[in-house]
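Student: Please take me through one part of this model in detail, and then relate it to the other parts that can be described with the same care. I would like a connected account rather than a list.

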Amino acid sequence: MKTVLVATIAVGVTGGLLAWKERPEPGADPLVLLLAGQCWWSATLIFRIDAATLSSKVFWVDISWIGVAIIPIAWLLFSLEYAGYTEYTARKHILLYSIVPAITVFLGLTSHSHQLLYTNSVIIQENGIATLNRTPGIWFWIIAGYTYLLGLLGALPLLKLVTSQVDPFRGQSLALLLGLLAPWVTNVLFLTRSLPSAGVDPTPIAFAVSGLAYLGALTKFQLFGANPTPIRHARNSLFQQMQQGALVLDTHDHIVDMNDQATTALQTTPSEALGRPLEQISPDLSALGSAAQAGQTIYRPPGATQSYDVSESLVTDIHDRTIGRVITLHDVSNLLRDQQRLEVLHRVFRHNIRTNVQVILGNAAYLATHNSESKAATLQEHAVEINELGEKVRSVIDIFEQSREERDTLSLNSILDECVDSTSESYPEVTFEYASGQADFTVDCLFDVVCLNIIQNAAQHNTSPDPVVSIEVEQDGEYVQVTVQDNGPGIDSNELALVEHGSETPLKHGSGFGLALVVWGTDIAGGTVDIESSDSTGTTVTLRIPILSSE
């Protein structure tokens with residue numbers, strides 16, 4: 001028996017050294033600790049067999065509990081790290097797992113003063129050999145049950161890998177499970193007195209099989225060369241880092257998982273959403289229902305500027321039963337904005353420019369045979385409109401180019417001062433009500449173009465007998481609110497379609513790029529624009545501009 005135990009220690013030490021060389025690979029440290037615990041138990045059994053007196057034999061049994069207590073904890077930690085369940089190997093979990101083993105070691109070292117581990121210890125003669133016979137106490141069965149529990153918990157992750165499509169993982173998991181089962185079965189047979197052992201627990205002898213199995217996993221199956229640890233973390237990472245929002249629903253439409261992108265899209269938090277029906281969290285998204293299965297469906301969160309393309313896929317089990325579904329939210333806000341911009345550009349070049357060119361050509365043909373000042377004026381007027389349109393097109397292109405670059409910042413006071421000064425020179429009949437020199441804020445330089453267009457439009461289209469344009473600035477948290485109000489006739493509803501609905505109707509066209517430039521520039525700069533217009537009160541444009549710094 002001693003020869004087998006020495007061989008067991010040799011195999012364990014060899015496996016431990018190989019595992020030590022693989023540090024800090026996941027599972028290496030716990031495997032070293034596991035093999036060290038087995039070697040300790042085997043070594044104490046050798047000294048126990050050689051001991052001649054009752055006290056000496058009891059001593060070696062008592063200190064053997066150090067190795068006995070280490071083995072189940074090390075096995076569980078190794079299995080969890082190896083299979084990728086490292087969230088359960090944090091320090092707080094290790095301390096929790098160690099409570100019962102720590103108590104066991106203490107009780108083992110103080111067994112002379114109580115009967116919790118053993119109630120009686122005597123030496124008996126069997127086949128001419130003096131062996132120690134000890135009657136188990138209540139804590140003996142507690143630690144035995146706890147050891148089997150940790151062994152089972154550690155086996156569960158490995159059982160999932162037995163059917164892995166990766167050949168090394170199958171070999172590794174089978175070898176590791178064999179390393180667990182050999183001493184486990186041997187110990188069960190000993191405790192149930194089904195194995196003749198002359199009163200000596202033969203579990204350490206079975207560690208020879210364990211050691212060989214672990215050596216096979218380390219060498220033949222490259223235990224730390226091909227490791228399944230990243231699988232779970234990679235899947236979780238992909239779920240969280242994917243660009244699309246993803247919601248996992250059960251068959252009753254309760255949210256059981258969601259990534260950060262979905263949390264943002266639904267304007268909620270995991271603690272508020274998980275476990276609750278989707279209808280309570282987002283009635284609009286829930287109302288889409290099975291429509292997402294039929295094709296692309298656009299979801300717009302209330303009060304948000306983002307738009308999401310919604311798709312849905314069913315989750316089935318191995319029996320092809322539907323057990324839930326995954327709703328994917330792909331942010332298509334930029335795509336829709338680009339589509340909107342292309343529609344407006346197409347309208348301008350198809351309608352506005354074509355109309356102006358036709359007028360110019362018609363009047364030019366008339367002037368070729370008739371000397372008409374009115375026709376010449378009309379021709380000049382439409383040529384000016386084309387020139388102004390070209391200027392706005394250039395401004396829009398500049399805005400699009402700046403959206404892809406790091407932009408400068410400007411003083412809001414200087415922006416508004418210059419806008420009012422330049423517009424008042426062009427429209428001297430308009431009264432501007434603006435208190436210059438207020439608290440200043442640094443904002444995105446794009447608001448220079450935005451504010452200029454808003455103020456110019458308010459003055460240019462104001463047909464009131466006494467035209468007035470009022471400008472007010474007010475801080476609102478991390479934003480500054482600029483309100484431009486005029487007493488003109490208001491803006492036509494067709495013009496407001498771009499602001500209210502994001503596009504224009506195919507049969508009704510606006511007159512130019514003014515509002516489009518304001519909406520697009522504000523959106524790119526991270527602000528919002530709100531326009532209220534009526535025949536009786538004129539137009540009020542409210543800009544909410546992010547404050548980059550204040551003075």
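**A helix across a sheet**

Tutor: Helix H18 lies across four strands, namely S9, S11 (468-476), S12 and S14, and its direction makes an angle of about 170° with that of S14. The model is a predicted one, and the description below should be read accordingly.

The strands under H18 are part of an open sheet of five strands. Read across the sheet, the order is S9-S11-S12-S14-S13, and the pairing is mixed. The edges are taken by S9 (431-434) and S13 (528-534); each has a single partner strand, so one side of each is left without a neighbour in the sheet. On average, neighbouring strands here are turned by 15° against each other, if direction is ignored.

Within this sheet, S12 (residues 479-486) and S14 (residues 538-546) run antiparallel and are joined by seven bridges. The register of this pair can be read from Thr483, which stands opposite Thr542 in S14.

A further helix, H20 (residues 514-524), also lies across part of the sheet. H20 covers S13 and S14, and runs at about 150° to S13. S14 is thus crossed by H18 and also by H20.

H18 has a helical partner as well. The axes of H17 (residues 412-426) and H18 (residues 446-460) come within 9 Å and cross at roughly 35°, and the crossing is right-handed. From H17, the residues in contact are Ile415, Leu416, Cys419, Val420, Ser422 and Thr423. H18 meets them with Phe447, Asp448, Cys451, Leu452, Ile455, Gln456 and Ala459. Sorted by class, this contact has nine nonpolar, three polar and one charged residues. H18 therefore has contacts with H17 as well as a position across the strands of the sheet.

A second open sheet of five strands offers a comparison. Its order is S4-S3-S7-S6-S5, with antiparallel pairing, whereas the sheet under H18 has mixed pairing. At the edges stand S4 (255-258) and S5 (297-299), each with a single partner strand, so one side of each is left without a neighbour in the sheet. Neighbouring strands of this second sheet are turned by 30° against each other on average, again with direction ignored.

The pairs of this second sheet can be followed from one edge to the other. S3 (residues 245-250) and S4 run antiparallel and are joined by three bridges, with Leu249 opposite Ile255 in S4. These two strands form a hairpin with four residues between them. Asp253 lies in the loop between S3 and S4, and has a positive phi near 65° although the residue is not glycine. Most residues other than glycine have a negative phi.

S6 (residues 308-316) is joined to S7 (residues 322-331) by nine antiparallel bridges, and Ser311 has Thr328 in S7 as its bridge partner. The hairpin of S6 and S7 has five residues between the strands, and here Asp320 takes a positive phi near 65°. On the edge side, three bridges join S5 to S6, again antiparallel. Thr297 stands opposite Val310 in S6, and Ile298 has Asp309 in S6 as its bridge partner.

Elsewhere in the chain, the second largest pocket encloses about 980 Å³. Its lining has 45 residues, and Phe140, Asn187, Phe190, Leu191 and Asp201 lie nearest the centre. Two or more lining residues come from each of H2 (28-50), H3 (54-83), S1 (118-126), S2 (129-136), H6 (138-161), H7 (167-191) and H8 (203-219). H3 gives the largest share, eight residues. By class, the lining consists of 29 nonpolar, eleven polar and five charged residues.

One backbone detail precedes H2, a helix of that lining. Pro24 is found in the loop between H1 (2-21) and H2. The peptide bond from Arg23 to Pro24 is cis, with omega near 5°.

How values were computed:
Residues numbered from 1 in each chain as written. Predicted model: local features only at pLDDT ≥ 70, side-chain atom pairs only at ≥ 80, totals over all residues. Heavy atoms only, no water. 1 Å grid on protein atoms, 1.4 Å probe; cavity = no way out; pocket = protein on both sides within 12 Å on 5 of 7 lines; lining within 4 Å. Points joined across faces, edges and corners; volume = space filled by probe spheres on them. Nonpolar A, V, L, I, M, F, W, Y, C, P; charged D, E, K, R; others polar. Pairing = 2+ DSSP bridges. Axes fitted to C-alpha atoms, helices over the stretch in contact; angles between N-to-C directions. Left-handed = near helix turned anticlockwise from the far one by under 90°. Contact = heavy atoms within 4.5 Å.
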